[in-house]
2 protein chains.
Amino acid sequence: MTAPHTIRRPPPAGIATPRLMIPGPCQSRPDVLAAFQRPVTAHYGPSWARTHEEALTLLRQVLGAPWVYLLPGSGSLAIEAAVVNTFRPGQLVVIPRTGYFGRRLIEVARAHGLKVRDLAVEPDRAVDPRHVADLLPGADGVILVHVETSTGIRHPVADIAEVARQAGAAVVVDAVSSIAGEELDVQGWGVDAVAASTQKGLGCPPGLGIVALSEHGHARTLDDHPRPWYLDLTRWDREREESFDWEPHPVTMPTNLVFALIASLSTMVDRGLGEWRQERARVAEHCRERLTERGFTLVGAPADRAALVVVARCGRPADVRLHVLREAGIAIAGGLDPVRDAIRIGLMGQNGTIEMVDECTAALGTNRWPPTEASLL
Amino acid sequence: MTAPHTIRRPPPAGIATPRLMIPGPCQSRPDVLAAFQRPVTAHYGPSWARTHEEALTLLRQVLGAPWVYLLPGSGSLAIEAAVVNTFRPGQLVVIPRTGYFGRRLIEVARAHGLKVRDLAVEPDRAVDPRHVADLLPGADGVILVHVETSTGIRHPVADIAEVARQAGAAVVVDAVSSIAGEELDVQGWGVDAVAASTQKGLGCPPGLGIVALSEHGHARTLDDHPRPWYLDLTRWDREREESFDWEPHPVTMPTNLVFALIASLSTMVDRGLGEWRQERARVAEHCRERLTERGFTLVGAPADRAALVVVARCGRPADVRLHVLREAGIAIAGGLDPVRDAIRIGLMGQNGTIEMVDECTAALGTNRWPPTEASLL
């Protein structure tokens, strides 16, 4: 039970860590990291309540959503919250099997007692809204990945929301890998619920799940159906209403992370969200050009490729899952089902720049590929 | 929807923050904070897998538990995980209504479809194991707060586990406010599941829930009953087994917090856990003596008072909930149901020292009490 162990101290702060160009988590910019590193403060009191509200206000702009919640936890927790507040156990949902994270949506839905009609999707293709429409009769909703991290494909949320609305079906979107990198207008597109997290496009450390709802989506949460205590958004509403100026959430909040989130979101809003996203798209396009020059084959059609993650086949199944370009001190990721023979490069946070793309792809070009065991982290 | 807003920058790092002596979160010691502030690393790979395992190994020693899980989220999430993995919907549990957090246990249990027999407990009294025994016939388990933060009372977990074992009932313990401050031997005491978090007795920032199970408690989780995807510990087991040396958990982990946790736990284990706890008890006793000298009335009988939080009545209901001793730059907490007319002092992390107790109680003595609005945070 209390097995003997050797205490292995964590490396001291400041030790050389590979620069992350994996598809999340990312490394934060210095100003975001400075906000993260403040001394811990209380998660209640008037000053804290204003800070929390500021974070929600900024997120509402980024997501085009009137209702936003910060849930301590990971993106998967936020996805589960979006699902369990939108659907009752026993309802039927259509879920496109877009890849590794599409399959996760199916698992989460089934854990909540939903019946699932899953829609097979080829790894190189975006979901066709007509195929969703074909499966919608009799279904209560669609649950969909916006950007599938395993393929780097962006799926057409606006078009799928449109066919769902016509069929009277609710729409829940996993935006963990798209937030702040792709256009996403929760209210305007008629999406009911969106889930995301802090450690990818928002450029912060991991630790907070984000749920955003449209007015229609919020109305669905008010339906009195069973759901876990922690994930019950009616509880989060009630705490916020009763204690808006004091402690507007029912559980302890990672305060440092909320300060970091405000710092990061403020930069995006100051720059203009459209310009921010265009810059992400330009960096991704630059990365794709460099990879193509070096003989990699990009996944998907040009119009469907995501802004924050680039997936390219490297010709044979990668026998390692995390690649470190050791000489360059840069970490990129290997392939994930259903595209195992791939590298995946994340373009988020501190390292999502043209300069880092050049350095990374140059290092790729001078490395034997796939790398040897000796080049592993 | 996208209401206009004024961007309010977070205060820069290093701004004067009151020193926290609230019952969680606490401020971390410099070595713990240094580990927390490392650049973000990937939550997978061989190096990360060793780090994660090191944290679990240390926690096993602190809790006397063979099975430990780190769940991104708050202590309340860990409580819900402990409950939903131990009991099936429809089962009957006894829950002592010990205060604010005892009531939360009742809410969590009901959200999972459990039937609850709640046991009224006076704010100044520890739960009487005989009263629990009286309610056990026909019940499947007991869910219990170890240290109730609203009263500062430690409840007799070992004795209650004993009567539960005799009745064939499972025991789940909320150790959020007791971990590392009170003796707790999950396997030895026959407790099934314990829930805790990082930001109190472990001296780290908030953001991770902790679940610990005995062998018996672990066997209960293997029962095939419905539970949320995120909280299903059989999924966490499966990921750990399948990917022990790579990514031993199903979701993104706040890596910084795990490094901080190792730094903090290492100190406790190095010093010896018994000595560590005795030191906590000495600091708490010192705090109680100082408060008594200043005319405060302590809650509970001496043998039942907790080590990490001191609750004392201040003679009239506090009209504020967070008190800042402004001249001293120290924050303490006000009363919480069922002891509203109280102050609560946390003795955790960086500020859980004799010196800080002296400074804090001296500042209390020179402040008008309750404090004026002007002394609020």
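Reader: What makes A:Arg290 and A:Glu293 a salt bridge?

Author: Their side chains come to 3.0 Å, N to O. The cut-off is a Lys or Arg side-chain nitrogen within 4 Å of an Asp or Glu carboxyl oxygen, so the pair qualifies. Bear in mind that this is a predicted model.

Reader: Where do A:Arg290 and A:Glu293 lie in chain A?

Author: Both are in helix 10, residues 273–293. They are 3 residues apart, about one turn of the helix.

Reader: Why is A:Glu293 called exposed, and why is A:Arg290 called partly exposed?

Author: A:Glu293 has 55% relative accessibility, and exposed means over 50%, so the label fits. A:Arg290 has 21%. Buried would need under 20%, so A:Arg290 falls in between and counts as partly exposed.

Reader: How do you know that A:Arg294 forms a salt bridge with A:Glu293?

Author: The closest N and O atoms are 3.7 Å apart. That is within 4 Å, so this pair counts too. As for A:Arg294 itself, a relative accessible area of 35% makes it partly exposed.

Reader: Which residues are linked in a network of salt bridges?

Author: A:Arg290, A:Glu293, A:Arg294 and A:Asp358.

Reader: What about chain B: why do B:Arg130 and B:Asp128 count as a salt bridge?

Author: Their side chains meet at 2.7 Å, N to O, and the limit is 4 Å, so they pass.

Reader: Is B:Asp128 buried or exposed?

Author: Buried: its relative accessible area is 18%, and the cut-off is under 20%. B:Arg130, at 60%, is exposed because that is over 50%.

Reader: How many salt bridges are there over all chains?

Author: By this rule, 36.

How values were computed: Residues numbered from 1 in each chain as written. Chains lettered and ligands numbered in written order. Predicted model: local features only at pLDDT ≥ 70, side-chain atom pairs only at ≥ 80, totals over all residues. Heavy atoms only, no water. Helix = DSSP H or I, 4+ residues; strand = E, 2+ residues; numbered from the N terminus. Buried < 20%, exposed > 50% of the residue type's maximum accessible area, 1.4 Å probe, protein only.
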